[in-house]
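Please walk through this structure with me, starting from a loop and ending at a pair of helices.

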Amino acid sequence: MMHPEYRPRRLRRNENLRALVRETTLSASSLVYPLFVMPGKKKREEISSMPGVFRLSVDQLAAEAKECRQLGVNSLILFGLPEKKDRVGSGAHAPDGIIQRAIKEIKNKVPEITVITDVCLCEYTSHGHCGIIHHKEVDNDATLEVLARTALSHAQAGADMVAPSDMMDGRVGEIRATLDENNFDQVAIMSYAVKYASAFYGPFRDAADCAPQEGDRRGYQMDPANAREALREATLDVEEGADILMVKPAMAYLDIIRMLRDEFDHPTAAYQVSGEYAMLKAAAARGWLDEERVMAESLLSIRRAGADIILTYFAKQMAKLL
Ligand code: PBG
């Protein structure tokens, strides 16, 4: 009878040994929790396609931020639902806009927490596109100025980091220059460097009411078929001054996360998006999957692929287990 010479099972015999040789770990401090901020008072509305995720009015934010801190989740990313929308997304950079108020509230009450803001126009435009429309097309260069104003207004309100998610060409450079000219050279940019035109954003678009009224986002977000193009996008953002490179979505793009990790020495982030969360929650609700285990396994796989930072709606739930 043949005996195997090397037996990998020796190191899997109990949890101590498995922990000793574990290559990848999860920690609450590398998770970023997304918050949806809505107008009104004492509002806490659960998003139907994202069980456990709520739209919160500004007065609810401090309590939420404190809870995150207690769980060891030290970073938030904010998305806003403005009172009203218009064709040019004015609400995105209004000094008293929903996000500007949200940043001030959190920074006043829970200053230790890192506040990151999503910089995009789609939640603020009546047509739902991520930029200014001229002649039926999203006008890249006209949009840059509005994005830079938006990022600046977030910095002025106290944001620690801005995260442009619009996919206009040249926006990282434009935002960096505007921040620097206004003495916000310490405000970091986490660029949604590689953002695919994905169907996994469905629940988010309900949550933030930002689905395009006409057409789709394939004219600016990336084609899911492309990998080499991800390197070009990331290279441009590095040259323009991005501090952190993000890949989005995460689970269907683990190869892209690995590629950025190998090619760049910048910190890499990945966004486990609304559809990824909804999918796991829905299957778990039917008893088809073990919720805690698929949550942990999905997040671990994103880390193993090379993400230093994970933006996830599971942040609080995962942190409770860590
Ligand atoms: C804004 C933005 C979107 C998401 C993050 N920022 C929506 C989109 O591009 O359609 C998606 C996040 C998620 O699905 O969880 N442009």
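Where is the place of Met167? This is a predicted model, and in it Met167 sits in the loop between strand 8 (161-164) and helix 5 (171-181). Met167 counts as buried because its relative accessibility is 4%, and the cut-off for buried is under 20%. Leaving aside neighbours within four places in sequence, Met167 is in contact with Tyr192, Ala193, Lys195, Tyr220, Gln221, Met222 and Glu233. Arg55 is 112 residues apart from Met167 along the chain, and their C-alpha atoms are separated by 25 Å.

Take Glu233 from that contact list next. Glu233 belongs to helix 7 (residues 228-240). An unreviewed UniProt entry places the feature "binding site" at Glu233. Is Glu233 buried or exposed? Its relative accessible area is 15%, so Glu233 is buried. Beyond residues up to four places away in sequence, Glu233 touches Met167, Ala193 and Met222. Ala193 and Met222 are also in contact with Met167.

Now turn to the cysteines. The unreviewed UniProt entry also gives the feature "binding site" at Cys120, Cys122 and Cys130. From this set, Cys120 and Cys122 are taken into the lining of the largest cavity. Cys120 lies in the loop between strand 5 (114-119) and strand 6 (132-134). Cys130 has its place in the loop between strand 5 and strand 6 as well.

How buried are they? Cys120 counts as buried because its relative accessibility is 2%. Cys130 has a relative accessible area of 0%, so Cys130 is buried too. The two residues touch: Cys130 is among the contacts of Cys120, once neighbours within four places in sequence are left aside. The others on the Cys120 list are Ala92, Leu147, Ser165 and Asp166. Cys130, with residues up to four places away not counted, touches Cys120, Leu121, Cys122, Thr143, Asp166, Met168, Arg217 and Tyr220. Asp166 therefore appears on the Cys120 list and on the Cys130 list, and both cysteines are buried. Tyr220 links back to the start, since Tyr220 is also in contact with Met167.

The loop between strand 5 and strand 6 holds Tyr124 too. Tyr124 is buried because its relative accessible area is 4%. Neighbours within four places in sequence aside, Tyr124 is in contact with Gly80, Pro82, Lys85, Asp86, Gly89, Gly91, Ala92, Ile98 and Ile99. Ala92 is also in contact with Cys120. Glu83 is 41 residues from Tyr124 in sequence, but 9.1 Å away in space, C-alpha to C-alpha.

Next comes the interior. In soluble globular proteins, nonpolar side chains tend to be buried together. Here the largest nonpolar core has 104 residues, and Phe36, Met190 and Val194 touch the most other members. Strand 1 (residues 31-38) gives the most to this core, with 7 residues. What does Met190 touch? Residues up to four places away in sequence not counted, Met190 touches Ile116, Met161, Val162, Ala163, Pro164, Ile244, Met246, Ala269 and Leu311.

Finish with the helix pair. Helix 8 (residues 254-263) packs with helix 10 (residues 291-305) at an angle of about 35 degrees, and their axes are 8 Å apart. Helix 8 brings Leu254, Ile257, Arg258 and Arg261 to the contact. Helix 10 brings Ser301, Ile302, Arg304 and Ala305. The contact residues divide into 4 nonpolar, 1 polar and 3 charged.

Definitions and conventions: Residues are numbered from 1 along each chain as its sequence is written. This is a predicted model: local features need pLDDT of at least 70, side-chain atom pairs count only at pLDDT 80 or more; totals for chains, interfaces and linings use all residues. Side-chain values use heavy atoms; hydrogens and water are left out. Axes are lines fitted to C-alpha atoms, for helices over the stretch in contact, and angles run from 0 to 180 degrees between N-to-C directions. Helices (H or I, at least four residues) and strands (E, at least two) are DSSP runs, numbered from the N terminus. Contact means heavy atoms within 4.5 Å. Ala, Val, Leu, Ile, Met, Phe, Trp, Tyr, Cys and Pro count as nonpolar, Asp, Glu, Lys and Arg as charged, and the others, Gly among them, as polar. A nonpolar core is a set of buried Ala, Val, Leu, Ile, Met, Phe, Trp, Tyr and Cys residues joined through side-chain atoms within 4.5 Å. Buried means under 20% relative accessible area, exposed over 50%, partly exposed in between (1.4 Å probe, protein chains only). UniProt positions are given in the numbering used here, feature names are shortened, and annotations may be inferred rather than shown by experiment. On a 1 Å grid over the protein atoms alone, a cavity is a set of points where a 1.4 Å probe fits but cannot get out, and a pocket is an open set with protein on both sides within 12 Å along at least five of seven lines; lining residues have an atom within 4 Å of a point.
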